[in-house]
Amino acid sequence: MSTTYYDDPAVRVTSEFVEVQGQRFALAECAQIWHRRGSRSWGAVARRGALGAALAGPVVAAVLGLALAIWLRPSATVTVAIVGVSLLLGLAVGPIADFLLEYMDRSYVRGSRQLEIWARWRGREVQLLRTGDALRFGQIYRALQRAMENHRPAARR
């Protein structure tokens, strides 16, 4: 009886084999499984920086507005207007921040590097998977580790 450790449209890991994009590799023929990290995606890093700047923008605008109101020393009406607009900009951060923080959190789940899973299969190195999705990579790699751990005792019997 075969146990499935991971299954999505492109990858399936069972106690007997790993199947990637329709190509099947028997675990009994895999001597070793390992992973490699590829180069950093500077686009992903830049997107995170832009999100951070977008989060800080309204706060900076509010602080600058307050500083301007203090520095210019305008009439009371203008001061109240500047402080009011600055406070509104500062308060605008709340709803926007929730959206931006969620997006930033998802960017960390996806990761900023290409991640690869390799196997020594039938005596040669084979790349099983390459993805930038760090969460999915971790799930697949852990499933492969469990499958290999649970496969070995059965092979010795």
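Biologist: Let me start small. Which backbone nitrogen does the side chain of T14 reach, and at what distance?

Modeller: A polar contact is a pair of N or O atoms within 3.5 Å; within protein, one must be able to donate a hydrogen and the other to accept it, and residues adjacent in sequence count only if both atoms are side-chain atoms. Here the T14 side chain gets to the backbone nitrogen of E16, at 3.1 Å. Bear in mind that this is a predicted model: local features need pLDDT of at least 70, side-chain atom pairs count only at pLDDT 80 or more, and totals for chains, interfaces and linings use all residues. Residues are numbered from 1 along each chain as its sequence is written, and side-chain values use heavy atoms, with hydrogens and water left out.

Biologist: Is T14 buried or exposed?

Modeller: Buried means under 20% relative accessible area, exposed over 50%, partly exposed in between (1.4 Å probe, protein chains only). T14 has 0% relative accessibility, so T14 counts as buried. For contacts, look for heavy atoms within 4.5 Å. Leaving out residues up to four places away in sequence, T14 touches S2, T3, T4, Y5, L27 and A147.

Biologist: And which strand holds T14?

Modeller: Helices (H or I, at least four residues) and strands (E, at least two) are DSSP runs, numbered from the N terminus. T14 belongs to strand 2, residues 11–14.

Biologist: What is the strand order in the open sheet of 4 strands?

Modeller: Two strands pair if DSSP finds at least two bridges between them. The order is 1-2-3-4, with antiparallel pairing. Strand 1 (4–7) and strand 4 (23–26) are the edges; each has a single partner strand, so one side of each lacks a neighbour in the sheet. Twist compares strand axes, lines fitted to C-alpha atoms (for helices, over the stretch in contact), with angles from 0 to 180 degrees between N-to-C directions. In this sheet the twist averages 10° from one strand to the next. Strand 3 (residues 17–20) pairs with strand 4 over 4 bridges, and V18 has F25 as its bridge partner in strand 4.

Biologist: How do I read the open sheet of 3 strands?

Modeller: Its order is 5-6-7, again antiparallel. Strand 5 and strand 7 sit at the edges with a single partner strand each, so one side of each has no neighbour in the sheet. Twist averages 25° from one strand to the next. Strand 5 (residues 30–40) meets strand 6 (residues 113–121) over 8 bridges, while 7 bridges link strand 6 to strand 7 (residues 124–131). Follow W118 across: W34 bridges to W118 in strand 6, and W118 bridges to Q127 in strand 7. Strands 6 and 7 make a hairpin with 2 residues between them, and R122 in the turn has a positive phi of about 50°.

Biologist: Which residues touch the most other members of the largest nonpolar core?

Modeller: A nonpolar core is a set of buried Ala, Val, Leu, Ile, Met, Phe, Trp, Tyr and Cys residues joined through side-chain atoms within 4.5 Å. This one has 24 residues, and V13, I33, I117, L128 and L144 touch the most other members. Helix 3 (134–156) is among the elements supplying at least two residues each, and its 7 residues are the largest share. Another core lies apart, with 6 residues, among them L51, A97, L100 and M104.
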